[in-house]
Amino acid sequence: MAVSSEFQEIAEYLLTCARVSGFGQRKPGEGEQFELAAESMPSNLSEHQANYSLEWYYRHYLIHDLECGESGENLLRTFLLNAPKSRPDTGNGETLAEGPDTGNGETLAGNPDAKAKEAADKAEKVAAAIRDNQFTWFPGNLMNDAQIRAVANAMTYPMSFVQGPPGTGKTMMIVRLIAQAVAAGETVAVVSSNSAAVANVKEKLEEIAAEYKGPPVDGGKATAGDAGRKDNRLRTASESFAFLGSAKVREGFANSTAADRWQGTGLFANPITAKEEVPFDYPAFDDSAELGARSGWERHVTFRQFTSIFPVVMSTVHSLKKCFIDGARPENKFDLVIMDEASQTNLLVGLVAMSCAKRMVLVGDEFQLPPIIGDALPLLGKWPQTKAVHEKLRGSDLDVTRENESFLTACKRVFRKQPGYAGAETFLNEHYRCHKGIIQFCATEIYEAHGAGKILIPRTNHEGMGTQKISKPISVVHYPGDYREPVRVNPDKEKPTTKNAADTDQKVKWTSRNRRQVEILRHEFGEHIRGAVADGKSVCLLTPFRGQVKELETLLKELLDDVDAEVTANEVQPNEETTIAPLGSVTAKPQKDRKKADEKKASGETTTVYKSQGREFDVVYLLPVEDGIWEWPWSQGMRLVNVAVSRAKEQLHVIVSTKMMSEKAQTALTGCIIPTRARPSEDDAQRQQQLYVRKLVDYVLEPPTTDNAGANKALPEFGVRQTSLTSIFDDVVWFQDPSKKAKKNRTRDVVEESAPAVCVQAALFTILENRPDLGLMVEVPLEDDVKVNGKSLRWFLMEEGVAVEVLEYACQEGTKFDIAVVHKATGAPVLIVEVDGKHHRTEDEVKANDGYKDSLVEKLGGVVLHGNAREGQPALPDNGFALLRLPTDGTTKWETRKLAREATLAGHDPSMVFTFEDLIEHFAPHGDARKPSVTLTMPYAVPNERHRIEPGTTDLKSYMGFKAEWEKLDPGAFRRVLGGRTSPSSDIQEALVERGYLEKPDDGDGRYNVPTVKGHHLGIRGVSKTDRNGKPFHNIEYTAGARKFLRDNLETFLKSAEANVEANAEENAAANAEENGEKKTEVKGAK
């Protein structure tokens, strides 16, 4: 059947999409670089295809597949005919990804027609037969009603859908569907866009085959467990599958015992190696112009020959058509194609699988991870060659650039409008994996809230779980601070000098990491992880960023160095361009086969693509990396959090910034709201489908509803608590400037110094209050302010013969010490603190300069300490001074004795670190009269209000508390300032707005409940509470320092505000009088 011009246009568009999707930066010519640009589509794009490129299919086979069969018998043709007309239509920007609605209230089950009734009746007959016979056909675990309906639908409808939330038995259902199809004499392909999902099915069938070893029994008495029954369909299926794919996989199958069934017919007689893996010519199908480009890899294996012996083939989609010499011929279709993880499959890959199917079932879950679009495909809307057709298809179900869209969602929208497909979707509604207290979060907050009322019922058997008596075996450890940092994806291969890659020869790819979260994991959960693995538990560390995966892999190997365990890092993709790993993971399992583990370790095995999805672990740790909500952190996303939570069978532990929590939770846990750079509106939060980490925290904070709620209190590892791993940099959020304007116009006399530097200054000012002989200096220029034995720094270094690079760096303009503690009398340095922000770890030039400064300090008689951990540091000399480098990445802790005392109370050993006081007392003991060798002559700094605040204080009082306290402390002043005022609270807030301590409300309710940066520094805090009716509201409260400040200054503020009001009133009156006079003059003139 010839295709129309419309199909030709679509085919050409999809071919271009496939070429862009399969683009790789390979070099056709020596030294040639090739990158996609927005200006125009390259003419030689087809020459730059990565391995497993889809271009092979779209270039040679798509049109042939469209020509094969009538429209109603060709799924591919039906889809491509209707997809350009199919668009989401919810009216509010939502798509099917938010739920299985069409946008007008219809679902697959709500479109009755005669054809649909016929299909439903047929499916019910199949289901009834399975119910009556499944003990015989599928011995072992019996299917629930939803799983039976899913199998029956797949055996009936040309296209059916199974929504399988985590842990609902999707793999079990697939295995039984395979057995049912094989029993019906059908050929089956099990595919996915990644090999991990297919491997899950393969492992289940291998387990069944191992259980039923021995030849089939043709008759006679049934053996125990029905193992000898010839109508055991699971057994038959387990003997009927072949696991194929790449050359290495096919070679492995050829060497397996299953291949013996070919009985010497030459199956893979000359296995093709990976280097030789090119499509082979099939003369009966290839014409002279296409030889060498079209047919499959295996020259000795045909589709019909192979499937007559192995009717079940498992493969990735990319490889399925290439496993046989004639696998791509339109007539060689499988009776049933089962696509697992279809919600992770993009449209281009999905269509290839559809082209192989007479009948197809898509298994997936739109509430789990979507496919990755990448940066290249959106260029289709910019290139002149593709812009017109892309605009024509934009927003339709053929738009390959739509985010969060999968092949599954597109097919649902298209086929639900076709006759006969009502009832073709099944929701697997019973969960068997996770502890009820864990999965209930997903059931309530995700499936019930967004799944059109679909109820996920926990059926997990808790027997044998260590947490079976715990209501919610979830812990949330939160920390203040802001520690996320960028890191290069491939630091060994990329050599940038700055984060801006425009000046580099190679485009730099960045990812993120959060070492604070890693350190908390080490100190608070390290022994727990070791003990869990030693007890035979599997452990998984989940994170959304590749940079964090590498940190966690290093940590886990360190923790389990002497534990018999296998550690595996799972990233998202094998290509080095990837900056994020949607739930990349590092896993540890008790090693049962040490030889196999050694082989894996030797080969450096790393698996790919969302491997955490579809896997389960006894203990799961989630580290989101991101610290705040102002950047719309996708690590808070519904899908990602759903996958993370549903991996955990027995325990879930989350390490998260306090800023990621809801304002209600922040207030309950810390006494106030943590400032952020931008606060999202509720509408934005709903539209973006974000903030699910904060929903999880709120869920854990809710009172347990079971009878054994008290067990949570008995086990402190569950519930919500603040980490005992503290640092002065935890206070950085109180010193940050959240306004974009201030961020772009930083000057030394406005807000910055950097916020971390202010944290150090604030701590040192407090310490030096007890050392009147010492002073503090900030940003000390080396060339101008450093004298050595009375000589200039330059002269001294030249005499010492230091390296030219060190000399040039030390004497150039702008070189300085960040913060210095010095003797007031002599200027001799005691302690120099360098606050090393993220650029000290990401920019090669800065790192080189740090080395020069370290060399300089050592030449001046000082000792350089990298971090404040004592281990691995040089010995402290009796004389001289120390340069302490404090990275702001969260790897330091307990920098002051106050923090060290708190750590001791929490059970930690702070003797492992240097505190500021330790170093100051070592190099400047009281009464020290040593003659300095280095003199800093710049006057020491004077403490100011900003450095004296206590950001972490929770001694907060509302206006009523402040009022009562003031009236008790100083009744006379209280009556003088506030007595006789009708609305003293409003007067105070208006005065604070005028002085810049509170933001003026823009919501019209007249409530001043958001402190400014200046207000945060003073000690004014926002809080989130509920009134007596349970209605949430925001308010402001005041720290002890802020209350004292107001008692001292409020009288002046109120008088000034009143004077301004009067002045404004007079000015307005004058303006009105002048305006009225002008109007009278105009009227008189008109007369």
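This is a short chat about a five-stranded sheet and three residues in a predicted model.

Visitor: Hi! Before we start, what kind of model is this, and how are residues numbered?
Guide: The model is predicted, so to speak of local features we need pLDDT of at least 70, side-chain atom pairs count only at pLDDT 80 or more, and totals for chains, interfaces and linings use all residues. Residues are numbered from 1 along each chain as its sequence is written, and side-chain values use heavy atoms, with hydrogens and water left out.

Visitor: Great. In what order do the five strands of the open sheet come?
Guide: The order is β19-β22-β23-β25-β24, with mixed pairing. Strands here are DSSP runs of E with at least two residues, helices are runs of H or I with at least four, and both are numbered from the N terminus. Two strands pair if DSSP finds at least two bridges between them.

Visitor: Which strands stand at the edges?
Guide: Those are β19 (774–781) and β24 (862–866); each has a single partner strand, so one side of each is left without a neighbour in the sheet. From one strand to the next, the twist averages 20°.

Visitor: How many bridges join β19 to β22?
Guide: Seven, and the two strands run antiparallel. Proline 781 stands opposite lysine 816 in β22.

Visitor: Which strands does helix α27 touch?
Guide: Helix α27 (residues 755–768) packs on the sheet and touches β19, β22, β23 and β25. Its direction makes about 155° with that of β19. Contact means heavy atoms within 4.5 Å. Axes are lines fitted to C-alpha atoms, for helices over the stretch in contact, and angles run from 0 to 180 degrees between N-to-C directions.

Visitor: And what about helix α34?
Guide: Helix α34 (residues 916–923) also packs on the sheet, touching β19, β23, β24 and β25, and its direction makes about 150° with that of β23.

Visitor: New topic: what is the phi of glutamate 341?
Guide: About 50°, a positive value although glutamate 341 is not a glycine. Most residues other than glycine have a negative phi. Glutamate 341 is in the loop between β5 and α13.

Visitor: Is valine 625 buried or exposed?
Guide: Valine 625 counts as buried because its relative accessibility is 0%. Buried means under 20% relative accessible area, exposed over 50%, and partly exposed in between (1.4 Å probe, protein chains only). Valine 625 has a positive phi near 75° and lies in the loop between β16 and α20.

Visitor: Last one: where is glutamate 1037?
Guide: Glutamate 1037 is in strand β28 (residues 1032–1038), and counts as buried at 7% relative accessibility. Not counting residues up to four places away in sequence, glutamate 1037 touches several residues, among them Lys957, Arg1021 and Lys1025.
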